[in-house]
Amino acid sequence: MGDFNHPDICWRDNTAEHKQSRKFLECVDDNFLFQVIEEPTRKGAMLDLILTNKEGLVGDVKLKGSLGCSDHKMVEFRILRAARRVHSKLTILDFRRADFDLFRDLLGRIPWDKALEGRGAQDSWLIFKHHLLQAQERCIPTKRKSSKNTKRPPWVNKELLGKLKQKKEAYRGWKQGQVAWEEYRETVRAAREQVRKAKALTEISLARDVKDNKKSFYSYVSDKRRTRENVGPLRNEIGDLVTQDMEKAEVLSDFFASVFTGKCLSPTAQVTEGRDWEKAEPPTVGEDQVREYLRNLKVHKPMGPDELHLGVLRELADEMARPLSIIFEKSWQSGEVPTDWKIRR
């Protein structure tokens with residue numbers, strides 16, 4: 001922290017007018033730093049800055065009066081240090097070590113027509129799910145979800161980390177007189193060019209895959225924002241302002257409940273009204289229809305309560321089309337819906 005004396009920098013847009021200020025912005029980006037001051041500290045200019053390498057580490061930033069004869073405002077802030085490091089216990093599927101050939105072979109051996117014969121929709125679904133999860137346990141190992149990688153920008157890879165490490169070593173060597181200035185500057189240029197290329201490739205990839213992976217796109221856009229906007233004060237039913245998070249959550253919950261709760265006809269009544277199902281032909285679910293639907297699943301969405309990963313369903317679309325078409329047809333004809341399908345997370 002300190003007086004960096006760059007009044008022409010716009011931290012909201014991450015732009016600057018002068019060359020020296022632009023170099024300072026590049027240095028901040030290259031070292032993955034965040035700037036947390038949001039208000040002017042001297043005569044309408046933001047000169048005094050607080051830089052941190054971890055978002056959320058600095059909080060409760062306040063500007064106060066000047067000290068002595070200084071015309072700069074005093075900056076008060078808190079360092080929000082965690083008491084202990086929390087390790088994630090969440091496990092995820094490790095698709096890099098998955099053996100999909102064995103997975104296909106195990107599911108292909110099962111005679112689905114015989115295994116599901118004479119069963120209802122619920123029993124058929126449980127049998128299918130049991131075989132699938134049992135084969136998945138053998139073919140796809142799990143790993144603990146690391147919280148370390150989530151702190152890095154999405155464009156940082158192993159090659160880029162190596163370049164940045166070389167830049168730090170070159171800087172240390174230059175300070176100690178072991179590396180020439182020209183060699184150090186060349187290392188810095190190479191690392192900076194690598195960072196720019198990595199950012200560009202990541203943004204191109206996000207733009208190309210935005211239709212299939214909207215979550216990553218909007219996550220990247222949110223991380224680029226310099227400020228975080230919280231929900232402001234709300235008025236409850238009696239007109240009083242509420243500012244506490246729990247109270248605001250209750251106000252929003254009551255509002256949404258009042259909007260989306262109402263009396264209406266049941267879906268069954270709306271569908272069956274005016275139709276004679278006894279004379280109609282029994283519906284069928286084609287295997288090709290199910291296969292086409294599975295191949296178009298968006299794999300970046302999270303798993304549902306059934307614990308089936310969408311990536312597994314899409315990868316094994318040919319093997320799963322037959323049993324799922326049987327289960328869908330049983331459910332359609334009998335009106336029985338498996339319990340997992342009724343649960344929403």
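**Reading a hairpin, two helices and a core**

User: How many bridges join strand β5 to strand β6, and how do the two strands run?

Analyst: Six bridges join β5 (residues 58–66) to β6 (residues 73–79), and the two strands run antiparallel. Bear in mind that this is a predicted model. β5 and β6 make a hairpin with six residues between them. In the turn, Gly 68 has a positive phi of about 65°.

User: Which residues of β6 stand opposite Leu 63 and Lys 64?

Analyst: Opposite Leu 63 is Val 75. Opposite Lys 64 is Met 74.

User: Is Met 74 buried, partly exposed or exposed?

Analyst: The cut-offs are needed here: buried means under 20% relative accessible area and exposed means over 50%, with partly exposed in between. Met 74 has 35% relative accessibility, so it counts as partly exposed.

User: What does Met 74 touch, leaving out residues up to four places away in sequence?

Analyst: Met 74 touches Lys 62, Leu 63, Lys 64, Gly 65, Ser 66 and Leu 67. For a pair that is separated in sequence, take Met 74 and Asp 48: they are 26 residues apart along the chain, and their C-alpha atoms are 9.0 Å apart in space.

User: Now the helices. Why do residues three or four places apart in an α-helix point the same way?

Analyst: An α-helix has 3.6 residues a turn, so residues at that spacing point the same way. Helix α10 (residues 287–295) is the case to look at here: Val 290, Arg 291 and Leu 294 are buried. Seen down the axis of α10, these buried residues fall within an arc of 100°, so they line one face of the helix.

User: Which exposed residues does the face of α10 turned away from its buried side carry?

Analyst: That face carries Asp 288, Gln 289 and Tyr 293. The buried residues of α10, for their part, pack against α11 (310–315) and α12 (317–334).

User: How many residues does helix α6 have, and what span does it reach?

Analyst: Helix α6 (residues 181–208) has 28 residues and reaches 41 Å from its first C-alpha to its last. The expected value at 1.5 Å a residue is 40 Å, and the span of α6 is close to that. Its buried residues include Tyr 184, Val 188, Val 195, Lys 199 and Leu 206. The buried residues of α6 pack against α1 (19–30), α5 (158–175) and α7 (214–224).

User: Which residues have the most contacts inside the largest nonpolar core?

Analyst: Within this core of 29 residues, they are Phe 103, Leu 107, Phe 128, Leu 132, Leu 294, Val 312 and Met 320. The elements giving two or more residues to the core are α2 (100–108), α4 (121–139), α10, α11 and α12. Its largest share, six residues, comes from α4. To follow the packing from one residue, start at Met 320: setting aside neighbours within four places in sequence, Met 320 contacts Leu 107, Phe 128, Leu 132, Leu 294, Val 312 and Leu 313. Apart from this core lies another, of twelve residues, among them Val 28, Ile 37, Met 46 and Val 58.

User: What share of the residues in the whole protein is buried?

Analyst: Of the 345 residues in the protein, 27% are buried. The protein contains 13 helices and ten strands. Its accessible surface comes to about 25300 Å², and carbon and sulfur atoms hold 50% of that. Among contacts with a separation of 6 or more, 59% are between residues 24 or more positions apart.

Conventions
Residues numbered from 1 in each chain as written. Predicted model: local features only at pLDDT ≥ 70, side-chain atom pairs only at ≥ 80, totals over all residues. Heavy atoms only, no water. Buried < 20%, exposed > 50% of the residue type's maximum accessible area, 1.4 Å probe, protein only. Helix = DSSP H or I, 4+ residues; strand = E, 2+ residues; numbered from the N terminus. Arc of directions from axis to C-beta. Contact = heavy atoms within 4.5 Å. Core = buried A, V, L, I, M, F, W, Y, C linked by side-chain atoms within 4.5 Å. Areas by Shrake-Rupley, 256 points an atom, 1.4 Å probe, with all protein chains shown as cover. Pairing = 2+ DSSP bridges. Expected span 1.5 Å × (residues − 1).
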